[in-house]
Amino acid sequence: MRLRRDFVAVAVVVMTALVWAPGCRSEVSTDEAILDSVERRTIDYFWRGAEPESGMARERYHTDEPEVESDVVTSGGSGFGIMALIAGIEREYIPVDEGLARFEQIVSFLERADRFHGAAPHWWYGPTGRVKPFSPQDDGGDLVETAFLMQGLLTLRQYLIDGGEREMQLVERIDRLWYDVEWDWYCNGQQVLYWHWSPTHEWAMNFPVRGFNECLIMYILAASSPTHPVDPSVYHVGWAENGAIVDKHEVEGETLALRYQGGATGPLFWAHYSFLGLDPRGLRDRYADYGSEMRAFTLGNRAYCVRNPKGYAGYGPSCWGLTSSYSPDGYAGHAPIEDRDLGVISPTAALSSIVYTPEYSMDVMRSLYTEHPELWGPYGFYDAFSPSTGWYVPRYLAIDQGPIAVMIENHRSGLLWELFMSHPDVQRGLRRLGFKSPHLEKPEAKDAYMR
């Protein structure tokens, strides 16, 4: 296992017992101490808060209703969680041996759990590994969530690759899970990837994935597979729609190069999920420079909140960030578009954007930490709140907590980016699709273990 790598600045802040008292925070004042407190507490969602039978990330955790779906685990959120646990081990929040045992538990669960042509479902029951339908026809493979899971597993594989016999056994098992995913099956005979396939409903969900959203990583991994790859034309014809994905336009004074699914912009998680492992810095292809694009996408979200066209009290430079999260009426796709702005700020939006807007995201983190103690719970900041009404929800979602921890670590050290981008299959896939990246200019990565 690669511990205390040279590129990681491991400056662990000593925390007092008060930090870990439920609902309490230490009296920290420096930005570095706040970052450490938030990262550590958020990682705990995936460490102490995991489903005990599987070791996987619970889909949700309600502090006000702790038994609600407590046995339901998420594939994509667990991929994020694996990356968060790596950061936790590297920062010495988690003992090495215990962390390795957790990874073995997770991989053992995945080996026995329901899969569909190698792909994971959106949800499983943790104690049994049986699929829990996400919707009536969505009871099979979810290729997007599978991509998020594989992003985490491939990152873990690279973290373990220089380890001893125990680590190498785990590397081999991760390789088998990776090789099993039949990305080409999910083309359904077309030049595009389909989100879902069900053993009972087959292709009834009928969701070909086109245009920019959170799914870029799915296409890159599909092109990277050494066993079931898709042809590069699937990316260029399907995802990029023969170049129609390019659509230069402005949002809140920021110039964007891409056409976003369903509108001129979208929720901020679109800038997070694919880029937890995929390093956007200097990443470009014929369609966009992704580091610049995601920064502009984030700045547009912030500028909308600062302009505050609907006049919500509390919006401003230290309180911004619209993305999908809980809302007073359930779950909602908040976005910087007036009919999708419900006055709800989601901490994950600005905090997970720290790699794009470090000073602006730190403004939000500092404000939340020092001025909103009601939002601080056992696993970091709660999922969402309304500054204009005082509403907040004392609940967590794995897919919102994971990006906070991972992107804070990428901001501090680049750890997860360095690991994922070092995988030889990922590098080959990026080259097949015509991507450029500083990571591809380094010496050839060590070949995959089993080949």
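The exchange below asks how several descriptions of this predicted model are justified.

Me: What makes the radius of gyration of the protein chain agree with that of a compact globule?

Reply: For 451 residues, a compact globule would have a radius of gyration near 22 Å, and the protein chain has 20 Å, so the two agree. Along its principal axes, the C-alpha trace spans about 55 × 50 × 45 Å. Of the 451 residues, 62% count as buried, and residues 24 or more positions apart account for 68% of the contacts with a separation of 6 or more. The accessible surface comes to about 15800 Å², with 49% of it belonging to carbon and sulfur atoms. As for charge, the mean positions of the 40 positive and 62 negative charges lie 4 Å apart.

Me: Why is Thr348 called buried?

Reply: The relative accessible area of Thr348 is 5%, and the word buried applies under 20%, so Thr348 is buried. This residue is found in helix 9, which covers residues 347–351. Leaving aside neighbours within four places in sequence, Thr348 is in contact with His272, Thr323, Ser353, Asp400, Pro403 and Ile404. Thr348 and Ala384 are 36 residues apart along the chain, and their C-alpha atoms are separated by 8.5 Å.

Me: Why does Ile161, whose place is in a loop, count as buried?

Reply: Ile161 has 9% relative accessibility, and the cut-off for buried is under 20%, so Ile161 counts as buried. The loop in question lies between helix 4 (143–160) and helix 5 (165–180). From C-alpha to C-alpha, Ile161 and Asp142 are 28 Å apart in space, with their positions 19 residues apart in sequence counted as separation.

Me: Why are Asn188 and Glu241 called partly exposed?

Reply: Partly exposed is the class between the limit for buried, under 20%, and the limit for exposed, over 50%. Asn188 has 27% relative accessibility, and therefore counts as partly exposed; Glu241, with a relative accessible area of 24%, is therefore partly exposed as well. Asn188 is found in the loop between helix 5 and strand 6 (196–197), whereas Glu241 lies in the loop between helix 7 (232–239) and strand 7.

Me: What makes the phi values of Asn188 and Glu241 worth a remark?

Reply: Most residues other than glycine have a negative phi. Asn188, however, has a positive phi near 55°, and Glu241 has a positive phi of about 50° although it is not a glycine. A positive phi is also found at Glu252, near 55°, in the hairpin of strand 7 and strand 8. Gly434, which follows helix 13, has a positive phi near 85°.

Me: How do you know that strand 7 and strand 8 pair?

Reply: Pairing requires at least two bridges between two strands, and strand 7 (residues 246–251) and strand 8 (residues 254–258) have four, in the antiparallel sense. One pair of bridge partners is Glu250 and Thr255, the latter in strand 8. The hairpin of these strands has two residues between them.

Me: How do you know that strand 9 and strand 10 pair?

Reply: The limit is again at least two bridges, and strand 9 (residues 324–327) pairs with strand 10 (residues 330–333) over four bridges in the antiparallel sense. Ser324 stands opposite Gly333 in strand 10, and the two strands form a hairpin with two residues between them.

Me: What makes strand 2 and strand 4 edge strands?

Reply: The sheet is an open one of three strands in the order 2-3-4, with antiparallel pairing; strand 2 (72–74) and strand 4 (131–132) each pair on one side only, and are the edge strands. Strand 2 and strand 3 (residues 123–125) pair over three bridges, where at least two are needed. Within this part of the sheet, Val72 stands opposite Tyr125 in strand 3.

Me: Which residues of helix 13 are buried, and what do the buried residues pack against?

Reply: In helix 13 (residues 424–432), the buried residues are Pro424, Asp425, Val426, Gln427, Gly429 and Leu430. These buried residues pack against helix 4, helix 5, helix 6 (216–224) and helix 12 (415–421). Helix 13 belongs to a chain whose secondary structure comes to 13 helices and 15 strands.

Methods
Residues numbered from 1 in each chain as written. Predicted model: local features only at pLDDT ≥ 70, side-chain atom pairs only at ≥ 80, totals over all residues. Heavy atoms only, no water. Rg over C-alpha atoms; globule rule 2.2 N^0.38 Å. Buried < 20%, exposed > 50% of the residue type's maximum accessible area, 1.4 Å probe, protein only. Contact = heavy atoms within 4.5 Å. Areas by Shrake-Rupley, 256 points an atom, 1.4 Å probe, with all protein chains shown as cover. Lys, Arg positive; Asp, Glu negative; His and termini not counted. Charge placed at Lys NZ, Arg CZ, Asp CG, Glu CD.
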